[in-house]
Amino acid sequence: MRKFTLFAASLFTAIGAMAAGPTPVLTFENPDVSQGPVELTSEQAATLLSCDGAITVIAEVTLTNNTDAMVFGGITDYTYSGTQTAQTNIIGLGTGPANGQYRYRVHVGTNGSYFYTKSKALTSGATTLHYVLKGSEAVFYYADGTYDTQSLTGHPTSNIFSDGYKGENSKFYIGGVKYNTSSVYAPFSSAGTISSISFYDGEYTPAAFTSDATEEEKAEALALFDDVKGKVGYPVDSVFAAYEEAVNNATSTGEITEAIAAVYNSTEINLPEDGKAYTFTFVDLQGEKHYINYNGTALELIKLEDGATIPYTAMFRTHLNEDGTTYSVMTYNRKYVQYPNVGAPLDAASDRTKITFDKMHKSGQYVSVENEELFGYARMVATGTNGAVRVFVAAKTSFDNSGGYHFEYRNSKYFTTALMIEEFDAPACGKYYRLKGDTGKYVDALNLVDETNKQMKMSEEAGKGTIFYLDHDMTLLSYATGTPIKDTRHLANANEAGNPWAIFPSTSYEGKYKVMNTTNSNYLHDNNTNGNADRCNSDVADHAATHSWTIEEVEALPVDVSEYGYTTIYAPVALSIPDGINAYTVTVDGERANLEDITGGVIPANTGVVLESKARTVSSYSFAITTAEAFTGTNALSGTIKSANVEAPGFMLNSVNETVGFYKAEETDGSFLGQSHQAYLPLPADADSSTEVFKIYKGDNPVTGIEEITVADRANDGAIYDLQGRRVFKAVKGGIYIINGTKILIK
């Protein structure tokens with residue numbers, strides 16, 4: 001298990017070496033518990049029972065084995081029929097074993113049940129046990145400068161010094177608890193010796209926890225979690241921000257330990273990101289790790305040996321669903337993971353494939369450790385066939401059909417729901433890439449061997465045709481053509497589907513990747529003999545170099561604007577608007593398509609817009625890929641990144657007779673062909689179905705596609721024309737004229 005220890009014990013005053021402070025109300029030095037527990041006298045018991053509020057118990061003990069060790073306990077006796085004695089309201093403080101570790105414990109209840117605290121191992125030998133009992137909770141202080149609080153609320157006995165123990169039948173023992181009239185429960189003599197045990201009236205905090213926090217301690221605390229920030233399963237940034245503020249403002253060591261505990265106990269964690277690839281590895285109480293693998297038929301668990309590499313068959317992509325809370329988790333070949341005991345992964349999404357992730361933390365009776373040892377672990381939760389929520393549970397090499405939280409040893413098995421979620425080295429879906437081969441050339445969707453075959457070639461220039469979008473179906477979609485790669489080396493036609501791709505690290509060439517068609521397990525091959533993008537049928541040695549690819553993430557999309565100065569764009573990513581370009585959304589009023597400015601300089605993802613270029617020639621612009629909030633305004637435009645049929649009627653941007661507008665697209669069998677990364681205007685619900693064009697307006701002025709409208713105080717020298725192209729001899733205030741080839745609004 002991973003450990004995060006803030007301070008060495010040497011930095012603290014030994015917890016048992018109390019600084020000047022309260023005098024104990026009762027102390028036992030070297031009590032003889034060799035023959036069983038020592039019962040307190042009525043006077044000693046009365047002294048304890050006279051304490052109000054919190055009481056502190058400090059014991060110096062030496063542990064010798066892992067037998068239960070009851071240091072101090074109490075019991076209320078009840079007599080039945082005058083002949084038998086039964087015990088209820090048993091409570092004790094001591095140590096006990098769990099998974100091979102000594103631990104502090106609280107023992108409460110009518111049936112001898114007990115509750116271990118967090119997994120804080122106590123080594124054999126001299127140990128100081130420091131308990132503070134207050135109301136319905138117990139606080140445990142450890143020698144390494146940490147502490148833990150155990151709530152007793154809801155149990156039959158909430159406080160050993162409560163009114164329930166102030167009756168005449170109350171009994172208190174050192175070194176154990178009388179369990180019945182003839183034997184002893186948990187005698188301490190079998191587990192070690194007690195050097196001393198003292199009781200204080202009130203809460204007494206060790207000096208180490210009240211001492212001033214030093215700058216060195218703060219610096220060490222601030223660096224404690226540096227290696228895990230941002231990782232899946234670990235707390236979100238806001239938790240660490242609050243932690244850093246608390247540490248910086250801490251005045252005592254105790255406040256630092258409280259801040260650390262708050263991080264361990266936080267449940268707000270980083271979740272998997274949309275489109276990225278991850279591995280899921282179970283960790284059990286023994287520290288053994290078993291990762292989830294897909295063998296082509298079903299999910300299986302494989303033990304992760306030290307130094308072993310997890311294969312691509314254990315790579316799972318996470319796609320955030322439209323509900324914003326559930327994920328589709330897909331195998332390397334686009335199968336949808338469902339709850340493991342109801343069958344193999346599915347070909348299509350369903351309610352059973354909606355998966356969520358949450359923090360693995362101590363909850364319920366089946367978790368044997370506390371949150372410190374669960375730090376960084378998450379659970380994976382799905383829906384079973386009957387609609388019940390089911391948690392992925394591992395029992396070593398097999399899945400277990402159990403729900404809830406598990407981190408335990410039960411029925412001769414180790415059960416766990418604790419998952420390490422680690423990012424797999426693979427390009428994320430939802431991004432644009434170039435594939436650079438062994439020859440230093442790029443796969444090019446525009447440079448083809450021939451138009452009929454549509455086999456791609458390799459190009460030296462990283463042009464528009466070398467950009468591919470890895471979508472959430474794991475297909476490689478050409479940015480230039482809007483069609484995907486199919487059959488490893490061919491480009492599909494419009495409306496044709498592509499095969500899913502598994503892209504994973506090359507084992508032979510560091511920093512490079514294999515690109516495999518998961519439909520037939522063929523690999524994309526840089527054929528350096530004839531310069532084609534080719535395929536090879538298997539991952540054989542003589543092809544190792546030629547199908548090991550450099551994957552380059554594309555940082556900007558090139559966009560061409562026509563000579564009339566307008567075009568559209570629709571992209572699944574946010575784009576920064578470059579200089580020289582105006583971007584607009586569209587609202588429709590009658591047969592008018594009104595342009596509305598995009599503010600903030602960024603086009604949000606999945607937002608169709610009209611682009612206006614200030615140049616009046618064919619121009620190319622670079623739109624940097626960025627991030628932005630989703631568009632929330634009114635926009636009549638839709639769009640597609642694929643070349644595929646869209647339900648008619650639809651209207652595409654064009655300029656006809658110098659009038660810019662959305663013109664009705666040519667239909668075939670009730671649909672029209674949507675263009676790659678282009679926006680279109682669906683017929684508005686209240687529009688006349690016979691409409692052929694929606695003319696574009698900026699304010700009250702129609703866009704003619706001749707030149708943009710600029711503002712001037714007076715006309716420039718040169719010939720003056722009106723918007724109908726007729727020459728006039730004087731520009732009138734308020735009119736719009738073409739002067740020296742530029743539209744001018746006269747003020």
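This is a short walk through a helix, a loop residue and a pocket. Keep in mind along the way that the model is predicted.

Let us begin with helix H1, which covers residues 42-49. Its buried residues are Ala45, Leu48 and Leu49. If you look down the axis of H1, these buried residues fall within an arc of 95°, so they line one face of the helix. There is a general pattern behind such an arrangement: an α-helix has 3.6 residues a turn, so residues three or four places apart point the same way.

Next, move along to threonine 326. You will find threonine 326 in the loop between strand E18 (316-320) and strand E19 (327-330). Is threonine 326 buried or exposed? Its relative accessibility is 10%, and because buried means under 20%, threonine 326 counts as buried. The side chain of threonine 326 makes a polar contact, at 2.6 Å, with the side chain of aspartate 323. Leaving aside residues up to four places away in sequence, threonine 326 also touches His319, Leu320 and Asn321, along with Lys354, Ile355 and Thr356.

Our last stop is the largest pocket, with a volume of about 1000 Å³. It is lined by 32 residues, and those closest to its centre are Asp274, Gly430, His472, Pro572 and Ala605. Strand E18, which we met beside the loop of threonine 326, returns here: E18, strand E28 (431-436) and strand E47 (619-626) are the elements that give two or more residues to the lining. By type, the lining of this pocket divides into 17 nonpolar, 9 charged and 6 polar residues.

Conventions
Residues are numbered from 1 along each chain as its sequence is written. This is a predicted model: local features need pLDDT of at least 70, side-chain atom pairs count only at pLDDT 80 or more; totals for chains, interfaces and linings use all residues. Side-chain values use heavy atoms; hydrogens and water are left out. Buried means under 20% relative accessible area, exposed over 50%, partly exposed in between (1.4 Å probe, protein chains only). Helices (H or I, at least four residues) and strands (E, at least two) are DSSP runs, numbered from the N terminus. The arc is that of the directions from the helix axis to the C-beta atoms. A polar contact is a pair of N or O atoms within 3.5 Å; within protein, one must be able to donate a hydrogen and the other to accept it, and residues adjacent in sequence count only if both atoms are side-chain atoms. Contact means heavy atoms within 4.5 Å. On a 1 Å grid over the protein atoms alone, a cavity is a set of points where a 1.4 Å probe fits but cannot get out, and a pocket is an open set with protein on both sides within 12 Å along at least five of seven lines; lining residues have an atom within 4 Å of a point. Grid points are joined across faces, edges and corners, and a volume is the space filled by probe spheres set on the points. Ala, Val, Leu, Ile, Met, Phe, Trp, Tyr, Cys and Pro count as nonpolar, Asp, Glu, Lys and Arg as charged, and the others, Gly among them, as polar.
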